[in-house]
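Here is a friendly walk through one model, meant to be read with the viewer open. Have a look at the sequence and the structure first, and then follow along.

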Amino acid sequence: MGLSSRLDRLSEPRFALLLFIPAALLVGLFVIPPILSVFGMSIFGIAGRWRRPLYHSLDDAEMERLRAFFAGLPNLDAAA
């Protein structure tokens, strides 16, 4: 009367429950807490919201400096 004979005599629903328990325990320990913490921090305003920096456009002076920089680079078409 070992463990294997007891497992053989289990009904299908009880065997399924026996196999589900370790998976549910792992999900409960490693998956659910981070999800709950993220929702909790966002609800209570603890976690700051990440936003991209605003779009930056070059003014005329910066555009002239950029044009001069690219004009100073060697032409790739001429090298080929």
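Helix α2 covers residues 12–30, and its 19 residues reach 28 Å from the first C-alpha to the last, close to the 27 Å expected at 1.5 Å a residue. Where does α2 have a kink? Look at F20: a kink of about 30° lies there, shortly before the proline P22. Please keep in mind throughout that this is a predicted model.

Two other helices can be checked for length in the same spirit. Helix α3 has 12 residues and reaches 16 Å from its first C-alpha to its last, close to the 16 Å expected at 1.5 Å a residue. For helix α4, the 13 residues should span 18 Å at 1.5 Å a residue, and the end C-alpha atoms are 18 Å apart, which agrees. The table puts these values side by side.

| Helix | Number of residues | End-to-end C-alpha distance | Expected span |
|---|---|---|---|
| α2 (residues 12–30) | 19 residues | 28 Å | 27 Å |
| α3 | 12 residues | 16 Å | 16 Å |
| α4 (residues 60–72) | 13 residues | 18 Å | 18 Å |

How many residues of α4 are buried? The number is 0 of 13, so α4 lies largely in the open.

Turning to α3, this helix runs over residues 32–43 and holds S42. S42 is partly exposed, as its relative accessible area of 47% falls between the 20% and 50% cut-offs. Measured out along the chain and through space, S42 and S4 are 38 residues apart in sequence and 48 Å apart from C-alpha to C-alpha. Just after α3, G45 takes a positive phi of about 75°.

Further on, the loop between α3 and α4 contains H56. Is H56 buried or exposed? H56 is exposed, with a relative accessible area of 58%. H56 and I21 are separated by 35 residues in sequence and by 54 Å in space, C-alpha to C-alpha.

Now for the whole chain. The protein has 5 helices and 0 strands, and its pattern along the sequence reads α-α-α-α-α. The radius of gyration is 32 Å, well over the 12 Å that the globule rule gives for 80 residues, so the protein is more spread out than a compact globule. Along the principal axes, the C-alpha atoms fill a box of roughly 85 × 45 × 15 Å.

The surface comes last. Buried residues make up 0% of the 80 residues. The protein exposes about 8,100 Å², of which carbon and sulfur atoms supply 68%. As for charge, the mean positions of the 8 positive and 7 negative charges are 19 Å apart.

Note on methods: Residues numbered from 1 in each chain as written. Predicted model: local features only at pLDDT ≥ 70, side-chain atom pairs only at ≥ 80, totals over all residues. Heavy atoms only, no water. Helix = DSSP H or I, 4+ residues; strand = E, 2+ residues; numbered from the N terminus. Rg over C-alpha atoms; globule rule 2.2 N^0.38 Å. Buried < 20%, exposed > 50% of the residue type's maximum accessible area, 1.4 Å probe, protein only. Areas by Shrake-Rupley, 256 points an atom, 1.4 Å probe, with all protein chains shown as cover. Lys, Arg positive; Asp, Glu negative; His and termini not counted. Charge placed at Lys NZ, Arg CZ, Asp CG, Glu CD. Expected span 1.5 Å × (residues − 1). Bend = angle between axes of the 7 residues up to and from the residue.
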